[in-house]
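Work through the following exercises with the sequence and the model open beside you. Each task is followed by a solution that goes step by step.

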Amino acid sequence: MDVLDQLGAVREGKMSRRAFTRSLMAAGVGMATVPLGAKALRAAEGDQATYFTWGGYDIPEFFAEYREKHGGENPDFAIFGASEEALTKIRGGFVVDVSHPCNQSVPRWAASGLFQPVDRSRLTHGADIIPELIDLQGNDAEGGGNWMIPFDWGQSSITYRTDLFELEGEESWDMLWDKRYEGRLGSLGAGADAWWVGAIKAGVPFDQLDTDEAFEKIGAVMREQRPLIRMYTDDTTTLEQALASGELVAALTWNSSAVELQNEGVPVKFAQPKEGALTWVCGLMIHKDAPNLEAAYDVIDSLLSVETGKFLVGDYGYGHSNAKTYDEFDEETLTGLGLSKDPTEILSAGHFQIPQTQEWESKMNATFEQIKAGF
Amino acid sequence: MSDSPAQISEAVERPEPKPASRGGFSGLLQRSEVARGYTLISPTLLFLTLGIVIPFIILVTMSLWTAQGFGFDMTPTTANYEAAWNQPLYGALLGRSLWISGWATVATVVLSYPMAYYVAFHVHRNKMLWIVLMTLPFWTSYLLRVFAWKVVLGYEGVINSALMSAGLIRAPLEFLLYSPNAVVITLAHAWAAFAILPLYVSLEKIDRSLLEAATDLGDGPVARFFRVTFPLSLPGVIAASLLIFIPTTGDYITPALLGGPDGLMIGNLIQLQFGPVNNWPMGATLAIILMLCIAAIAGIFMVTTKIVKDRIL
């Protein structure tokens, strides 16, 4: 009985209910078993490591070296929008091989007891890592090894439309508090960026964040900004599209948004605020029960490779942790991207994030979410 | 409909032919009517226990704990409920959620009623095809439909581009997207199928001779609709309203994508408690409060409609 015949039978009212149910069931069983077949096939080609990362890092360009070792397959990807969300998922029992936090969360992530130190000597590119990037507060594990292997570093700053935003004086964080552009400013939604920017704006030094006074001051600044903001989002694409269409004239973003928009020909600039940008280093941590430990090391090695670094610097505008990557670029290109062969220069020129306690992180997020909701 | 329970009990009471000598466990089961009943529903019962009752108990227990760093302080306390009562944030977001989904429910039912009515009374051939066509948009993913509305309502979206090229506005309308309006519009479209189907079923069931009788007794089309058709379709209206109101109040993805800072709903707040805010007990408390609110509103709604129905019938 073919499909056309069945349709005809239904139209003429000739098909019995039983026959109809039977064909529906056949279709259902067929549909349900198709994915099973595909999955069985994939598993036969060898299990891939799961890489839990920010949206935008789940691209094949980063994994040429990995594919060579794993029969042309990329790792499996899982995506998060904010690192705190990632930690909550992992704590809830989501087992991944490699995940991608940033320096200020490393001690808290390590304290959760869900990660194992990474043995740098097992990495092919381990020796090429810029020493200042791995030598971070709280990054040395007690029994040797490092909790996090640095991968990318960069800034959180303002991407603004040079044609729509009328700059008054120097570039400054005041641009995101500019009442002239009410409803046309955007912000990253996670407190891990926005709250720290609030601290810079309020003039609170990062080593004094954990005081009631600091919470009050920064909270006041964020409340002042809130009515001006059209959208808080963890999705950088949304911010980029809004900047491209002119819906937003300025937004708090990372380096990549500005570079990608410039590559598209949108007249934007990544500001160097006079108070200093917010700077950070992100990297890779391995889960303590990583099911594919070998492959996990391959993921890290692939991310550290010069080939990946070339893409990361050239197309995304982030700094790379492999010192050899910079030999591929001339000084002029690097300066144009706001980078340098010496990351310490850039990182210390801005406000470098420093680790905080879990209590602080939860309190900060609760306060910031309350402010975002209008209270 | 009203006589069916009686029929069932009659059928059950009828003496059954004795089963051919079956010993042991199944014999025991056959003997007691209650045991037989439980055996029949046991798969469902097991599923309900595993899937609903146990998580619900966990939720209630957790709502009595307090968050402490990575862990919980398990001493039972009602502090979370007090906080939910005292802090204006929770009440305001709950109120906004009920408000938004209330409007979404009204909009969906009002818009779906004429469609269901048309198919029930004016389509005589291929009714099924019409129903399928009306529910066709719902064959795509919910997320895609929400995104589609983002494209329609967006700054350079369909509506704004059309209005601008027609010369009606000079700058794009900004209130369309990232506002509670956007959430109401999207919900009203996204849940239409859940209104059309129950409305269609209840309209289809109406005895046509009642309508003829009304006409014979001198009612015009409008009076006939309000005195006969509408009251008889009320069960469908009630079902559709509840089907839409209950799930949309706790909706998460639509306000997250289209709501903007002023369009956040309680579902987003609950997600935040389990995510970045890292206060699972508070999240559990909010989930329970939301459930109680919905139950209360649904209860009031059903009682009111019953009273109204008894009046007009």
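**Exercise 1.** Find which residue meets B:Glu204 in a salt bridge, and describe where the two partners lie.

*Solution.* In this predicted model, the side chains of B:Glu204 and B:Lys127 meet in a salt bridge, with 2.9 Å from N to O; a salt bridge here is a side-chain nitrogen of Lys or Arg within 4 Å of a carboxyl oxygen of Asp or Glu. The pair links distant parts of the chain, since B:Glu204 lies in helix α10 (residues 192-205) of chain B and B:Lys127 in helix α6 (residues 127-135) of chain B, 77 residues apart. Helices (H or I, at least four residues) and strands (E, at least two) are DSSP runs, numbered from the N terminus. For accessibility, buried means under 20% relative accessible area, exposed means over 50%, and partly exposed is in between, with a 1.4 Å probe and protein chains only. On that scale B:Glu204, at 31%, counts as partly exposed, whereas B:Lys127, at 18%, is buried.

Before going on, note the conventions: residues are numbered from 1 along each chain as its sequence is written, while chains are lettered from A and ligands numbered from 1 in the order in which they are written. As the model is predicted, local features need pLDDT of at least 70 and side-chain atom pairs count only at pLDDT 80 or more, although totals for chains, interfaces and linings use all residues, and side-chain values use heavy atoms, with hydrogens and water left out.

**Exercise 2.** Locate the salt bridge of A:Arg230 and the one of A:Arg226, and say where the partners of each pair lie.

*Solution.* The side chain of A:Arg230 pairs with that of A:Glu247 at 2.8 Å, N to O. A:Arg230 is in strand β7 of chain A and A:Glu247 in the loop between α9 (236-245) and β8 (250-254) of chain A, 17 residues apart. Both ends are buried, A:Arg230 with a relative accessible area of 9% and A:Glu247 with 6%.

A:Arg226 forms a salt bridge with B:Asp262 at 2.9 Å, N to O. B:Asp262 lies in the loop between α13 (253-259) and α14 (266-274) of chain B, and A:Arg226 in the loop between α8 and β7 (229-233) of chain A, so this pair joins two chains. B:Asp262 counts as partly exposed at 42%, while A:Arg226 is buried at 12%. Over all chains, the structure holds 21 salt bridges.

**Exercise 3.** Determine how far B:Arg145 is from the nearest side chain of opposite charge.

*Solution.* Begin with the general principle that side chains of opposite charge can pair when their charged atoms come close. B:Arg145, in helix α7 (residues 142-153) of chain B, is buried yet has no salt bridge, and the nearest side chain of opposite charge, B:Asp251, is 10 Å away. In this count Lys and Arg are positive and Asp and Glu negative, with His and the chain ends not counted. Leaving aside neighbours within four places in sequence, B:Arg145 is in contact (heavy atoms within 4.5 Å) with B:Pro137, B:Phe138, B:Thr140, B:His189 and B:Ala190.

**Exercise 4.** Work out how helices α10 and α12 of chain A pack, and place A:Thr308.

*Solution.* Helix α10 (residues 255-263) and helix α12 (residues 306-316) of chain A pack at an angle of about 70 degrees, with their axes 8 Å apart. Axes are lines fitted to C-alpha atoms, for helices over the stretch in contact, and angles run from 0 to 180 degrees between N-to-C directions. Angles under 35 degrees count as roughly parallel, over 145 as roughly antiparallel, 65 to 115 as roughly perpendicular and the rest as oblique; α10(A) and α12(A) are therefore roughly perpendicular to each other. A:Asn255, A:Ser256, A:Val259, A:Glu260 and A:Asn263 in α10(A) meet A:Gly314, A:Asp315 and A:Tyr316 in α12(A).

A:Thr308 also belongs to helix α12 of chain A, and A:Thr308 is buried, with a relative accessible area of 1%. Not counting residues up to four places away in sequence, A:Thr308 touches A:Glu61, A:Phe62, A:Phe151, A:Ser302 and A:Leu303.

**Exercise 5.** State how many helices and strands each chain has, and what share of each chain is buried.

*Solution.* Chain A comes to 15 helices and 12 strands, and 56% of its 375 residues count as buried. Chain B has 15 helices and two strands, and buried residues make up 37% of its 313 residues.
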